[in-house]
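Here is a short tour of one protein model. Keep the sequence and the 3D view open as you read.

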Amino acid sequence: MNPLLDIQELSVQSGTKTLVSNVSFSVAPGERVGLIGESGSGKSLTALAAIGLLSDELKASGSVLLDGKQVVGARDRDLVPLRGTAAAVIFQEPLTALDPLMKIGNQVGEAVRRRAKRDNRSVDTKAITADVLDLLSQVALPNPQRIANSWPHEISGGQRQRAAIAMALACKPKMLIADEPTTALDVTTQAEILKLLHQLVRERNMALLFISHDLPVVASTVDRVIVLQQGQIVEQGPVATVFSQPSHPYTQSLVAAARAFDNALEIRP
Ligand SMILES: Nc1ncnc2c1ncn2[C@@H]1O[C@H](COP(=O)(O)OP(=O)(O)O)[C@@H](O)[C@H]1O
Ligand SMILES: [Mg+2]
């Protein structure tokens with residue numbers, strides 16, 4: 001089966017500075033892959049390069065095939081049909097995805113309408129409203145009707161992230177790219193959002209590229225992990241192997257730090 005995302009020798013430069021260097025990996029349809037590494041290691045740039053969303057001052061080289069289409073060097077208008085459909089992104093800060101001046105229901109409704117247009121389906125307002133309420137309940141938002149009628153600032157951070165996930169789902173993407181989707185949330189809400197993502201990707205057999213600086217968070221959600229350090233891949237493999245026998249000193253330090261944290265909290269016996 002062809003990979004859904006196939007990255008070969010991706011580099012990202014800012015002037016003469018190399019921020020991501022020679023990164024190669026792929027994600028098969030339905031596969032769940034974690035991208036981990038400390039802050040500044042190039043995780044977000046790799047994700048943005050994957051869907052052609054790098055800012056103009058950055059230059060990508062190498063090859064990124066997303067659903068068979070070359071992203072590196074592509075014109076923005078050629079990428080628009082891929083975004084949301086081949087891959088949808090959930091960011092750390094849900095307000096990045098949400099328009100502050102539009103009620104939640106209308107924003108999710110816009111995504112439903114766009115997807116229907118792409119599929120050449122005609123949808124009336126009633127059908128869109130029904131879809132929006134359905135999506136809001138699929139992301140386990142309480143009282144979808146009330147949430148649909150709310151402005152982004154009127155709901156909590158966790159609810160905003162759920163709404164952003166509903167928008168992503170409305171596009172029916174083959175892959176979800178989640179860039180530190182729980183980092184901005186409190187610990188209890190983090191756990192709930194993780195559980196939701198876990199459930200949604202499995203139910204829909206979506207591929208997942210899950211980005212985090214937090215090893216245990218990734219470990220529970222993905223099959224395979226890729227470890228980035230200073231813009232380079234230092235290790236990759238099945239999650240259980242990387243966790244139990246990390247081979248690179250950097251990964252060993254990440255695992256040791258996670259263990260020390262768990263022990264301090266006495267989560268593990
Ligand atoms: N637009 C930019 N111009 C210059 N440097 C950037 C830009 N965006 C990110 N960087 C730098 O690239 C490196 C990787 O960034 P990023 O991918 O956001 O890291 P991560 O997501 O792993 O925390 C960091 O050192 C960051 O400061
Ligand atoms: Mg980042």
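Which glycine follows α1, and what is the sign of its phi? The residue is glycine 52, and its phi is positive, near 70 degrees. One caution before going on: this is a predicted model.

## Helix α1 and its surroundings

Start with the helix itself. Helix α1 spans residues 43-50. It is mostly covered, with 6 of its 8 residues buried. The buried ones are Lys43, Leu45, Thr46, Ala47, Ala49 and Ala50. Lys43 is buried because 20 or more other C-beta atoms within 10 Å make a residue count as buried.

What does α1 lie across? The helix lies across β1 (5-14), β2 and β4. Its direction is at about 120 degrees to β1.

Helix α1 also takes part in the shell around ligand 1. It supplies 3 residues, the largest share of that shell. The shell has 13 residues, and Ser14, Leu19, Lys43, Ser44 and Leu45 come nearest to the ligand. By type, the shell divides into 3 nonpolar, 8 polar and 2 charged residues.

## The antiparallel sheet

The strands under α1 belong to a sheet. This open sheet has 4 strands in the order β2-β1-β4-β5, and the pairing is antiparallel. Which strands stand at its edges? They are β2 (17-27) and β5 (69-70). Each has a single partner strand, so one side of each is left without a neighbour in the sheet.

Look at one end of this sheet. Strand β4 (residues 58-66) is joined to β5 by 2 bridges, and the two run antiparallel. Leucine 66 stands opposite lysine 69 in β5.

## The mixed sheet

A second open sheet has 6 strands, in the order β6-β7-β8-β3-β9-β10. Here the pairing is mixed. The edge strands are β6 (87-90) and β10 (232-238), and each pairs on one side only. From one strand to the next, the twist averages 15 degrees.

Strands of a sheet pair through backbone hydrogen bonds, either parallel or antiparallel. Strand β9 shows both arrangements. It runs parallel to β3 (residues 32-36), joined by 4 bridges. It runs antiparallel to β10, joined by 6 bridges.

Now follow the residues across. Glycine 34 has valine 225 of β9 as its bridge partner. Leucine 35 stands opposite isoleucine 226 in β9. Isoleucine 226, in turn, stands opposite glutamine 236 in β10.

Is β9 mostly covered or mostly open? It is mostly covered: 5 of its 6 residues are buried. Strands β9 and β10 form a hairpin, with 2 residues between them. In the turn, glutamine 230 has a positive phi of about 45 degrees.

## The nonpolar core

How many residues make up the largest nonpolar core? It has 76 residues. Those with the most contacts inside it are Ala50, Val108, Met175, Leu208 and Leu209. Helix α6 (residues 157-170) gives the most to this core, with 8 residues. Ala50 is a link back to the first section, as it is one of the buried residues of α1.

Valine 108 is worth a closer look. Leave aside its neighbours within four places in sequence. The residue is then in contact with Val132, Leu135, Leu136, Ala163, Ala166, Met167 and Ala170.

## Two asparagines in loops

Two asparagines have a positive phi although they are not glycines. Both values are about 50 degrees. The table sets out where each one is found.

| Residue | Phi | Loop between |
|---|---|---|
| Asparagine 143 | about 50 degrees | α4 (125-138) and α5 (144-148) |
| Asparagine 205 | about 50 degrees | α7 (187-204) and β8 (207-212) |

Are these asparagines buried or exposed? Asparagine 143 is exposed because it has 11 other C-beta atoms within 10 Å, and 12 or fewer counts as exposed. Asparagine 205 has 10 C-beta neighbours inside 10 Å, so it also counts as exposed.

## A residue in between

Glutamate 192 sits in helix α7. It has 15 other C-beta atoms within 10 Å, so it is partly exposed. Arginine 162 is 30 residues away from glutamate 192 along the chain. Their C-alpha atoms are separated by 10.0 Å.

Key:
Residues numbered from 1 in each chain as written. Chains lettered and ligands numbered in written order. Predicted model: local features only at pLDDT ≥ 70, side-chain atom pairs only at ≥ 80, totals over all residues. Pairing = 2+ DSSP bridges. Axes fitted to C-alpha atoms, helices over the stretch in contact; angles between N-to-C directions. Near = placed C-beta within 6 Å. Nonpolar A, V, L, I, M, F, W, Y, C, P; charged D, E, K, R; others polar. Core = buried A, V, L, I, M, F, W, Y, C linked by C-beta atoms within 7 Å. Contact = placed C-beta atoms within 7 Å.
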